[in-house]
Amino acid sequence: VSILRALSREGRTVVCTVHQPSSRIFASFDQLLLLAHGRVAYCGPVDVSGEYFGRLGLPPPSHENPAEFFLRVLQDDDEARGV
């Protein structure tokens, strides 16, 4: 991730997909795009993503990996809608 960050600091566009990153890896990204059914569920800075979900009434637990929490919340929404 540090190499990708260095490339982005040089002005290059870096797009990366990571499936279930550790908390440390998750925190190393600047921006986050979460998709659900091809639609944007969140797009913005990683460091305020928890606050965003908190304002929606879904605050991430402090003891849980944020990436796993977001995945679970988006998956639970699918299950609640019968998708």
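The paragraphs below go through a strand pairing and the salt bridges of this structure, which is a predicted model.

A good place to start is the hairpin. Strand β1, which covers residues 31-36, runs antiparallel to strand β2, which covers residues 39-45, and six bridges join the two. One pairing that can be followed by eye is that of L32, whose bridge partner in β2 is G44. Between the strands of this hairpin there are two residues, and H37 takes a positive phi there, near 55 degrees. For a reader tracing the side chains along such an element, it helps to recall that in a regular strand they alternate between the two faces of the sheet.

From the backbone we turn to charged side chains. Side chains of opposite charge can pair when their charged atoms come close. A search of the whole structure finds three salt bridges, and R5, R9 and D30 are linked in a network of such contacts.

Within that network, D30 forms a salt bridge with R5, and the closest N and O atoms of the pair are 3.0 Å apart. Because D30 lies in the loop between α2 (23-27) and β1, while R5 belongs to helix α1 (residues 2-9), this contact ties together parts that are 25 residues apart in sequence. The side chain of D30 also meets that of R9 in a salt bridge, with an N to O distance of 3.6 Å. This pair, too, links distant parts of the chain, since R9 sits in helix α1 and D30 in the loop between α2 and β1, 21 residues apart.

How exposed are the residues of this network? D30 has a relative accessible area of 38% and is therefore partly exposed, and R5, at 25% relative accessibility, also counts as partly exposed. R9, by contrast, has a relative accessible area of 58%, and because the cut-off for exposed is over 50%, R9 is classed as exposed.

A further salt bridge is found between E64 and R72, whose side chains meet at 2.9 Å, N to O. Here E64 has a relative accessible area of 21%, which makes this residue partly exposed; buried would require a value under 20%. Its partner R72 is likewise partly exposed, with a relative accessible area of 34%.

Taken together, the loop between α2 and β1 carries D30, which is joined to R5 of helix α1 and also to R9 of helix α1, while β1 itself pairs with β2 in antiparallel fashion.

Definitions and conventions: Residues numbered from 1 in each chain as written. Predicted model: local features only at pLDDT ≥ 70, side-chain atom pairs only at ≥ 80, totals over all residues. Heavy atoms only, no water. Pairing = 2+ DSSP bridges. Helix = DSSP H or I, 4+ residues; strand = E, 2+ residues; numbered from the N terminus. Salt bridge = Lys/Arg side-chain N within 4 Å of Asp/Glu carboxyl O. Buried < 20%, exposed > 50% of the residue type's maximum accessible area, 1.4 Å probe, protein only.
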